[in-house]
4 protein chains.
Amino acid sequence: MTRTRTVRALVWGENHHEKNDALTRRLYPDTIHGTIAAALRDGLGHEVVVDTATLDDDAHGLSEERLAATDVLYWWGHVRHDAVADEVVERVHHHVLAGMGLVALHSAHLSKIFTRLMGTTCTLRWRQADDRELVWTVAPTHPLAHGVPQPIVIPRQEMYGEFFDVPQPDDLVFVSGFSGGEVFRSGMTFARGHGRVFYFSPGDQDYPVYHHPGIRRVLCNAALWTAQDRPREAPRLTMRPLDEFATAPAPTEAGGA
Amino acid sequence: MTRTRTVRALVWGENHHEKNDALTRRLYPDTIHGTIAAALRDGLGHEVVVDTATLDDDAHGLSEERLAATDVLYWWGHVRHDAVADEVVERVHHHVLAGMGLVALHSAHLSKIFTRLMGTTCTLRWRQADDRELVWTVAPTHPLAHGVPQPIVIPRQEMYGEFFDVPQPDDLVFVSGFSGGEVFRSGMTFARGHGRVFYFSPGDQDYPVYHHPGIRRVLCNAALWTAQDRPREAPRLTMRPLDEFATAPAPTEAGGA
Amino acid sequence: MTRTRTVRALVWGENHHEKNDALTRRLYPDTIHGTIAAALRDGLGHEVVVDTATLDDDAHGLSEERLAATDVLYWWGHVRHDAVADEVVERVHHHVLAGMGLVALHSAHLSKIFTRLMGTTCTLRWRQADDRELVWTVAPTHPLAHGVPQPIVIPRQEMYGEFFDVPQPDDLVFVSGFSGGEVFRSGMTFARGHGRVFYFSPGDQDYPVYHHPGIRRVLCNAALWTAQDRPREAPRLTMRPLDEFATAPAPTEAGGA
Amino acid sequence: MTRTRTVRALVWGENHHEKNDALTRRLYPDTIHGTIAAALRDGLGHEVVVDTATLDDDAHGLSEERLAATDVLYWWGHVRHDAVADEVVERVHHHVLAGMGLVALHSAHLSKIFTRLMGTTCTLRWRQADDRELVWTVAPTHPLAHGVPQPIVIPRQEMYGEFFDVPQPDDLVFVSGFSGGEVFRSGMTFARGHGRVFYFSPGDQDYPVYHHPGIRRVLCNAALWTAQDRPREAPRLTMRPLDEFATAPAPTEAGGA
């Protein structure tokens with residue numbers, strides 16, 4: 001009953017800062033998506049196979065065939081959200097509703113796929129000024145928090161603060177506090193259709209957050225938690241007959257008493 | 001602090017069955033939207049002013065000006081969802097996120113505005129075969145359940161059954177059981193942006209559900225609960241300075257102890 | 001349908017620090033419970049009648065008769081939790097389950113009544129060291145947040161931090177951040193039986209928090225939100241007949257189609 | 001990171017009906033707890049080791065040592081709740097808060113341990129009259145629903161109906177409909193302290209429900225979901241220093257920008 005097959009993870013990166021910003025290149029010489037992919041391989045070993053795709057690829061590397069072979073999609077985007085083709089967003093949306101896991105990272109809060117799944121503005125407060133971020137676990141029994149330090153200490157980080165305009169999450173797992181005083185619901189889950197969505201805010205192109213062992217642990221937990229072993233099929237409208245459950249059992253000893 | 005001004009409700013109807021189906025005309029001689037509007041006036045008296053609008057009106061009766069003067073919008077649609085203009089949906093969506101209440105009724109589960117707010121397929125099981133529906137309150141402290149019979153008994157009704165593909169609600173208020181055996185989460189709330197959304201499934205063009213006193217009571221509760229006394233403004237992205245909360249208080253007796 | 005009668009609030013205070021600590025006496029010359037009572041009177045005027053009771057009173061001022069005439073009970077205790085008689089706790093518990101509102105304040109997280117309602121340890125991190133507390137609204141549509149500044153700035157305050165061992169709340173309304181780096185779910189609601197419970201952490205005997213206009217606003221909102229207009233009766237076990245909802249409706253035009 | 005060790009399950013039975021009622025003996029020749037234990041062994045194989053304990057054993061079979069070696073405790077009781085010693089309840093409560101899983105079955109809704117964890121009356125409607133129960137999955141992505149038929153059809157069963165007076169659950173996984181018309185939230189999760197609690201209502205001493213393959217599947221899922229791989233330790237109050245997270249990082253390129 002326990003998962004027996006390998007989780008197939010696909011890490012998608014916008015790959016813009018890696019090409020255009022010296023700071024990002026220095027922090028992430030293997031790209032942001034490459035760094036996340038390595039975190040999964042390092043932490044999960046044979047439990048996972050990981051691939052990457054970027055905005056630059058054909059169909060952004062997100063063909064029907066590829067998504068069908070993906071258990072969990074990690075999404076990192078920031079300044080090129082608008083460049084993602086609507087038909088690709090449509091395809092990813094369908095796959096999430098049909099059971100694919102989605103891990104939306106950091107500035108993906110404003111990505112087309114995330115806002116479509118949420119139905120809200122997904123706006124927030126922000127500041128880039130070397131805040132210290134502490135990521136606190138508020139749901140210690142949740143699989144996403146398994147083995148995660150209390151708190152995760154991120155010495156320097158972009159600030160994301162409330163009000164974060166997303167629907168009330170299914171599970172609030174992490175809440176961050178920033179040295180500037182703001183707080184943020186930084187780890188939240190949202191079931192959508194047959195899929196599991198996890199939003200996790202720590203991570204930025206200008207800070208080495210994805211090298212942090214505590215953050216990498218959460219990224220690994222996210223693969224195991226969002227991936228499901230189920231047929232890829234979205235919920236659908238069905239008309240049912242009246243007598244679908246018609247049973248006319250004879251009274252039993254219990255009911256007759 | 002208690003609400004002092006009147007709730008401005010707008011009941012929107014697709015107005016298709018009323019024009020095309022003899023049964024609907026007999027059950028709802030004043031139209032479905034007109035019947036709902038009357039339920040609000042009868043139940044809430046001077047606490048509410050109610051108007052109606054339909055698909056047939058200019059801009060479907062949902063201009064910017066009209067929505068700005070609406071505290072809560074009731075939405076009834078069924079077979080003409082696609083005929084609702086995208087720009088009107090966009091406008092309604094914005095107003096919900098900015099604080100307008102939305103009461104999505106029955107087959108509005110597949111309306112453009114509701115599916116956009118949910119981000120899911122909003123599909124379900126259904127059957128039109130004179131099921132008896134019992135509407136059970138599972139959140140007796142919720143304002144939406146105030147004064148509502150336990151259960152509401154609807155002798156004949158269309159069946160809506162699980163799995164209903166919507167996000168996990170903020171509050172699950174009502175759960176229905178049908179004589180065919182199905183169950184349905186029939187009353188659910190969803191905060192979206194600054195707005196409150198209530199989905200309530202009982203009600204159909206082929207059954208006189210909106211004449212039922214228990215159902216009318218819920219419709220009235222919904223006006224009071226979804227309407228808010230707040231400026232009409234959606235959440236938005238804001239960059240904040242680092243020293244916004246900079247305070248350097250001198251130690252006090254308490255802290256120094 | 002809107003509330004027509006006055007909310008009857010009872011503010012209960014342990015009244016220990018007021019008698020024994022010079023600092024508390026200076027900050028709260030009218031006692032802590034007296035200060036809270038005044039905040040309700042000032043903010044709600046004729047919408048509320050407020051009384052107070054303390055540990056020192058007969059039956060701690062919480063007789064059956066008194067509770068029966070109370071719509072919402074505010075509870076402030078700190079170092080004398082054990083001195084509260086079990087039979088009084090039992091009585092308050094019953095009244096909450098039967099529909100009385102309860103507002104548990106600050107160190108009441110470890111009171112007998114609150115831990116009994118929660119079923120958990122209700123433990124947390126803490127520190128008394130002049131932290132600045134910012135109280136952020138994360139549920140802007142909730143009545144408890146109505147008119148509350150974003151954030152409430154409390155210049156000096158005791159720190160309460162996560163993990164706070166309470167059940168997942170129905171509504172997470174406020175999250176606090178402290179200058180030391182900790183975060184805390186500082187405003188949470190919990191329906192229990194027919195009653196509404198609100199836990200609100202800001203407030204301490206060594207800081208003038210209950211004089212803060214933003215905090216007083218929340219205290220007022222809490223009276224209106226936790227008070228219900230319902231018969232005082234707890235849920236109970238009931239055996240029901242099989243044919244309670246037996247109906248044998250004739251087929252209708254709709255179902256026959 | 002995936003669980004590597006075997007889940008240690010302990011199935012506790014009141015063992016009263018098995019000794020006193022001929023019907024129960026005929027339905028459950030191996031006792032109710034023995035039947036549940038066999039379901040776990042059959043369904044989970046080497047992933048689980050299962051033991052049983054009853055009210056009749058010394059300390060009801062629930063010594064400190066035994067609980068310390070238990071990952072998940074299944075609880076079945078009905079007419080002898082009061083015979084369970086308070087000190088044993090206290091011990092089980094502590095272990096749940098410290099991380100042991102608890103699966104409360106059927107009439108365990110009124111057990112001392114469950115009501116203590118909930119803080120409410122845990123009352124409901126009921127009837128013993130051969131209702132058909134359909135158990136519907138309303139959270140298809142939840143591990144507890146993995147591989148479970150939609151719906152589970154139980155031809156004859158005791159009826160449990162709403163309002164079920166428990167706190168709002170973390171996850172509502174199953175909702176049942178009964179042929180008499182009632183509905184019931186029949187599968188719900190509740191994190192308490194460091195432990196995971198699952199309440200699952202189908203199952204009765206007078207019906208062969210625990211032989212049903214769909215029900216057995218849920219019982220197996222429950223072992224894997226409630227068991228955690230964590231040190232057995234309850235949350236506790238801790239005083240923290242002000243400078244616990246004191247860091248004075250030098251400005252970086254990003255923040256200086």
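**Figure 1. Strand 5 of chain A and its neighbours.** A residue is called buried here if its relative accessible area is under 20%. With that in mind, take a look at strand 5 of chain A, residues 125-137, in this predicted model. The strand is mostly covered, with 12 of its 13 residues buried. How many bridges does strand 5 of chain A share with strand 6 of chain A? Seven bridges join the two, and they pair in the antiparallel sense. Strand 6 of chain A spans residues 152-161. Strand 5 of chain A also pairs with strand 7 of chain A (residues 171-178), again in the antiparallel sense, this time over five bridges. E133(A) is a handy residue to find in this view: I154(A) is its bridge partner in strand 6 of chain A, and F178(A) stands opposite E133(A) in strand 7 of chain A.

**Figure 2. A strand pairing that crosses from chain A to chain B.** Strand 5 of chain A has a partner in another chain, too: two bridges join it to strand 10 of chain B, residues 238-239. Do these two strands run parallel or antiparallel? They run parallel. To find your way, start at W126(A), which stands opposite M239(B) in strand 10 of chain B.

**Figure 3. Where chain B meets chain A.** Now let us look at the whole interface between these two chains. Here 38 residues of chain B are in contact with 38 residues of chain A. The size of an interface is often given as the accessible area lost when the parts come together. For chain B and chain A, this area is about 3,000 Å², and 57% of it is on carbon and sulfur atoms. Which three residues of chain B supply more of the area it buries against chain A than any other three? They are W126(B), L237(B) and L242(B), which together supply 18% of the area that chain B buries there. Charged side chains meet here as well: the count between chain B and chain A is two salt bridges. In one of them, the side chain of R125(A) meets that of E244(B), with 3.8 Å from N to O.

**Figure 4. Aromatic pairs in chain C.** A search of the whole structure finds 40 aromatic pairs over all chains, and this view picks out two of them. In the pair formed by F114(C) and Y199(C), the rings are tilted, with 5.3 Å from centre to centre and 35° between the planes. Where in the chain do F114(C) and Y199(C) come from? F114(C) belongs to helix 6 of chain C (residues 112-118), while Y199(C) belongs to strand 9 of chain C (residues 195-200). The pair links distant parts of the chain, as the two residues are 85 residues apart. Both F114(C) and Y199(C) are buried. The other pair is F198(C) with F200(C), whose rings are stacked, 5.6 Å centre to centre and with 20° between the planes. Why stacked? Planes under 30 degrees apart count as stacked, so the 20° between F198(C) and F200(C) earns them that name. Both F198(C) and F200(C) are buried.

**Figure 5. Rings in a group, and charges over rings.** In chain A, F114(A), Y160(A), F164(A), F184(A), F190(A) and Y199(A) form one aromatic cluster. A charged residue can also sit over a ring: R196(A) lies over the face of W225(A), at 5.3 Å from the ring centre. In chain D, R196(D) lies over the face of W225(D), at 5.3 Å from the ring centre.

**Figure 6. Strand 8 of chain D between two hairpin partners.** Strand 8 of chain D covers residues 183-192, and nine of its 10 residues are buried. Strand 7 of chain D (residues 171-178) runs antiparallel to strand 8 of chain D and is joined to it by five bridges. One residue to look for is S176(D), whose bridge partner in strand 8 of chain D is F184(D). The hairpin of these two strands has four residues between them, and G181(D) takes a positive phi near 115°. What joins strand 8 of chain D to strand 9 of chain D? Six bridges do, and these strands run antiparallel. Strand 9 of chain D holds F200(D), which stands opposite G187(D). Strands 8 and 9 of chain D form a hairpin with two residues between them, and in its turn G193(D) has a positive phi of about 60°.

**Figure 7. Chain A as a whole.** To place the close-ups, here is the chain around some of them. Chain A has eight helices and 10 strands. Its C-alpha atoms fill a box of roughly 75 × 40 × 40 Å along the principal axes. Of the 257 residues in chain A, 66% are buried.

Key: Residues are numbered from 1 along each chain as its sequence is written. Chains are lettered from A and ligands numbered from 1 in the order in which they are written. This is a predicted model: local features need pLDDT of at least 70, side-chain atom pairs count only at pLDDT 80 or more; totals for chains, interfaces and linings use all residues. Side-chain values use heavy atoms; hydrogens and water are left out. Rings of Phe, Tyr and Trp (its six-membered ring) pair if their centres lie within 6.5 Å; planes under 30 degrees apart count as stacked, over 60 as edge-to-face and the rest as tilted. Buried means under 20% relative accessible area, exposed over 50%, partly exposed in between (1.4 Å probe, protein chains only). A charge sits over a ring if NZ of Lys or CZ of Arg is within 6 Å of the ring centre and within 35 degrees of the ring normal. Two strands pair if DSSP finds at least two bridges between them. Contact means heavy atoms within 4.5 Å. Buried area is the accessible area (1.4 Å probe) that two parts lose on being put together, summed over both. A salt bridge is a side-chain nitrogen of Lys or Arg within 4 Å of a carboxyl oxygen of Asp or Glu.
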